[in-house]
Amino acid sequence: MLIALDISAAFDTIDHDILCQRANSDFGFQDTALAWLRSFVSGRSNYVCVNNARSPVTQCSSGVPQGSVLGPILFALYTSPVAKIIIRHGLQYHMYADDTQLYTALKQNKQNNIDLTVIQQCTNDIHRWYAENGMLLNPTKSEAMAVGTRAQVAAASASGAVVVAGKRVPLSDSVKLLGVTIDSLLSFDKHVTNVVRGCNYHLRSLRHIRPLITSEVAKIVACSMVFSRLDYCNALLYDTTDKNVKKLQTVQNDLARVVLQANRQTSAKQSLRTLHWLPIKYRIDYKIAVTVYKLRQSHLPSYLSELIVDYQPARTLRSSDKLLLRELGGPVRKLALSSKSFSVSGPAVWNSLPFNCRECNDFTTFKRLLKSELFIRANNVNT
C-alpha cells in the first residue's frame, strides 16, 4: 500500500520561530549559524502590483523562499519529526521536500480481508503533528494505491478506502510521484504513454523549425527537450514489456531522422549510429550501471546501497576477484513484480559488464568504457 500525502501551501506555512528552534535543538545550529538562518527566513515582505496600483506591504510571518536552493532543505529540516512518527507505526517512507510517501506490505487474513488500521492511525498522528506545527494535511489531494498482482489489488480495493485526516481516500489505479506515473501493477504502461505524448509534442515542434537551424543546434535541442524526458527515471523501466520499449524506441528513431533531416525510409539503426545515440534498451542499462557504480564508490543513498552485496562464494573460485555482485535467484526472479526491483536489475546489469568496466576507478573513464561496450552490443543486435 502506497500513500502519497499532500500539504496545503507547504512552503508558505513554515513558522520561523519553530524552524529556528528545531534547527538549534535537533541539528545543532548555534550562534552565528542560527542568527544567519533567522535573518534569511525572517524580515521579508511582499505586495501585489497591478499596472500602477500597489497593495499595502505585508510582512511575511511564515514561509521560506520558494525557488531557492535552501527552501527544500529548510522544509525537510522543519518536518523531520514526521519520520519518527512513521517509524513508530512500523511503516516505511520517502520524503522529498513537500512530497511524502508512506508505504508498507499488507497481508490478507483468513477471510481474505486486509486490515488498514495501522495506516489510518499513522496518517491521523501525522495530521495531528502538522496541525500542531501550523501546517495542513490536505486529504482531498492525497492519494492511495495498492501495488501487487491483480488478485492482491482487488483484495485491497475490497477492504475499502484509506482514511487520511478524517476523510476517505479511495484507492487509485495510478499515482504520479515526482514526474513518474506508477500504476498498481508496476507495468509503467501509463508512464510510457505520458512520456511518448510529451516527447511527440516537442518532436513536432523541432520538425517544424529544423530547416532553420544547424545540425549542432538540432542535436542540442533534441537532447534538452526530448532525451531529457526519455532518460528521466528510465531505470524504472528495466524488464518492462517489449511493447513499451518499442513505443519509446519509435520516438527516438523519429527524433534521429528529424535531426539528420532524413526520410522515413532511412534505416533507424544507421541514424542512431551516425548520431552516436544508444537505443532505448541500452540507455536503461546505462543508467542502472552508472547508478551501481556510484553506489559502490559512495555507498549512498543507503536505501539503495544496502540492496547490492558483493559476491562472495563459499570457497575460493576464479570468480572471487571479478568484482561481481550477488544475484537473487530462485522464485524471486520468476515473480513479475520482483524482477523489476533494483536488487535484481542492479546486479544483473553490473555482472554482465566486462571486467575492465567493473574494475575502473575513474568515473569518466567508466562511462566511456560503458558506452563503448553498450554500443558494441547494440550494433550486434538486429533492430
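# Warm-up: a hairpin and its sheet

β6 and β7 form a hairpin with 2 residues between them, and A97 in the turn has a positive phi of about 55 degrees. This is a predicted model, where local features need pLDDT of at least 70 and side-chain atom pairs count only at pLDDT 80 or more, while totals for chains, interfaces and linings use all residues. Residues are numbered from 1 along each chain as its sequence is written, and side-chain values use heavy atoms, with hydrogens and water left out.

Helices (H or I, at least four residues) and strands (E, at least two) are DSSP runs, numbered from the N terminus. By that count the protein has 15 helices and 12 strands, and its C-alpha atoms fill a box of roughly 65 × 65 × 45 Å along the principal axes.

## Exercise 1: build the sheet

Work out the order of the 4 strands in the open sheet that includes β6 and β7.

*Solution.*

1. Start with the hairpin. β6 (residues 92–96) and β7 run antiparallel and are joined by 5 bridges; two strands pair if DSSP finds at least two bridges between them.
2. Check the register. H94 stands opposite Q101 in β7, and M95 stands opposite T100.
3. Step across β7. Strand β1 (residues 2–5) pairs with β7 (residues 99–103) in the antiparallel sense over 4 bridges, with T100 as the bridge partner of L5.
4. Put it together. The order is β6-β7-β1-β8, with antiparallel pairing. The edges are β6 and β8 (143–145), each of which pairs on one side only. From one strand to the next, the twist averages 15 degrees.
5. Add the helices. α4 (residues 81–88) packs on the sheet, touching β6 and β7, and its direction makes about 165 degrees with that of β6. α5 (residues 117–132) packs on the sheet too, touching β1 and β7, at about 155 degrees to the direction of β7. Angles run from 0 to 180 degrees between N-to-C directions, and axes are lines fitted to C-alpha atoms, for helices over the stretch in contact.

## Exercise 2: describe a helix crossing

At what angle do the axes of α9 and α10 cross, and how closely do they come?

*Solution.*

1. Geometry: the axes of α9 (residues 242–260) and α10 (residues 268–275) come within 9 Å and cross at roughly 65 degrees.
2. Handedness: the crossing is left-handed, meaning that the near helix is turned anticlockwise from the far one by less than a right angle (clockwise would be right-handed).
3. Residues: Q249, Q252, N253, A256, R257, V259 and L260 in α9 meet A268, S271, L272, T274 and L275 in α10. Contact here means heavy atoms within 4.5 Å.
4. Chemistry: the contact divides into 6 nonpolar, 5 polar and 1 charged. Ala, Val, Leu, Ile, Met, Phe, Trp, Tyr, Cys and Pro count as nonpolar, Asp, Glu, Lys and Arg as charged, and the others, Gly among them, as polar.
5. Zoom in on N253: leaving aside neighbours within four places in sequence, N253 touches A268 and L272.

## Exercise 3: sort by burial

Is N253 buried or exposed? And what about N51 and helix α13?

*Solution.*

1. Cut-offs: buried means under 20% relative accessible area, exposed over 50%, and partly exposed in between (1.4 Å probe, protein chains only).
2. N253 has 15% relative accessibility, so N253 counts as buried.
3. N51 comes out at 72%, so N51 counts as exposed. N51 sits in the loop between β3 (49–50) and β4 (53–54), with phi near 55 degrees, a positive value in a residue other than glycine.
4. For α13 (residues 342–351), 10 of the 10 residues are buried, so α13 is largely enclosed by the rest of the structure. Those residues pack against α11, α12, α14 and α15.
5. For the background figure, buried residues make up 39% of the 383 residues.

## Exercise 4: two loops

What is the peptide bond from L300 to P301, cis or trans, and which residue does the side chain of D362 join at 2.8 Å?

*Solution.*

1. The L300 to P301 bond is cis, with omega near -5 degrees. P301 lies in the loop between α11 (280–298) and α12 (302–305).
2. H299 lies in the loop between α11 and α12, and has a positive phi of about 60 degrees although it is not a glycine.
3. D362 is in the loop between α14 (355–358) and α15 (363–379). At 39% relative accessibility, D362 counts as partly exposed.
4. The D362 side chain joins that of T365 in a polar contact of 2.8 Å, and reaches the backbone nitrogen of T364 at 3.4 Å. A polar contact is a pair of N or O atoms within 3.5 Å; within protein, one must be able to donate a hydrogen and the other to accept it, and residues adjacent in sequence count only if both atoms are side-chain atoms.
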